[in-house]
Amino acid sequence: DSEEWAAVSPEAKALVQSLLCHNAAERLSAADLVTHPWVLGRDVPGRPMAKTQDRLRAFKKARHAFYGSLLMGLLVHHIAA
């Protein structure tokens, strides 16, 4: 396992593997997914993964900066027109 997957629970790994099956007949259906114990919050660690939280925060910050730049560009274009 890579560093990112080292802290992921076996239940979560099994869920992801069941969603990535090439054969659609073997792949977990949407109905099965929403009733899966991991999705329902069973067998889920009580503490979030620190690196994942840091990456999500960085992504959110970058997304806000991107949208801010995009809006500024639209505003400048609108004023110039």
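This is a short tour of a predicted model, from the whole chain down to its largest pocket.

**Whole chain.** Show the protein as a cartoon. Four helices appear, and zero strands. Read along the sequence, the pattern is α-α-α-α.

**Overall dimensions.** Switch to the C-alpha trace. Along the principal axes, the trace spans about 55 × 30 × 25 Å. The radius of gyration is 20 Å, whereas a compact globule of 81 residues would have one near 12 Å.

**Surface.** Turn on the accessible surface. The total is about 7,000 Å². Carbon and sulfur atoms account for 64% of that area. Now colour by burial. Of the 81 residues, 6% count as buried, meaning under 20% relative accessible area.

**Largest pocket.** Where is empty space left? Rolling a probe the size of a water molecule over the atoms shows it. The largest pocket holds about 210 Å³ of space.

Select the lining in two steps:

- Pick Glu3, Glu4, Ala7 and Val8, which are among the lining residues.
- Add Met49, Ala50, Lys51, Thr52 and Arg55, which also line the pocket.

Which helices each supply at least two residues of this lining? They are α1 (3–6) and α4 (50–80). Highlight α4 next. The largest share of the lining, four residues, comes from α4.

**Lining chemistry.** Colour the selection by residue class. The lining divides into four nonpolar, one polar and four charged residues. Thr52 is the polar one. Glu3, Glu4, Lys51 and Arg55 are the charged residues. Ala7, Val8, Met49 and Ala50 are the nonpolar ones.

Terms used
Residues are numbered from 1 along each chain as its sequence is written. This is a predicted model: local features need pLDDT of at least 70, side-chain atom pairs count only at pLDDT 80 or more; totals for chains, interfaces and linings use all residues. Side-chain values use heavy atoms; hydrogens and water are left out. On a 1 Å grid over the protein atoms alone, a cavity is a set of points where a 1.4 Å probe fits but cannot get out, and a pocket is an open set with protein on both sides within 12 Å along at least five of seven lines; lining residues have an atom within 4 Å of a point. Grid points are joined across faces, edges and corners, and a volume is the space filled by probe spheres set on the points. The radius of gyration is taken over C-alpha atoms; the globule rule is 2.2 Å times the number of residues to the power 0.38. Buried means under 20% relative accessible area, exposed over 50%, partly exposed in between (1.4 Å probe, protein chains only). Accessible areas come from the Shrake-Rupley method with a 1.4 Å probe; for residues, only the protein chains shown count as cover.
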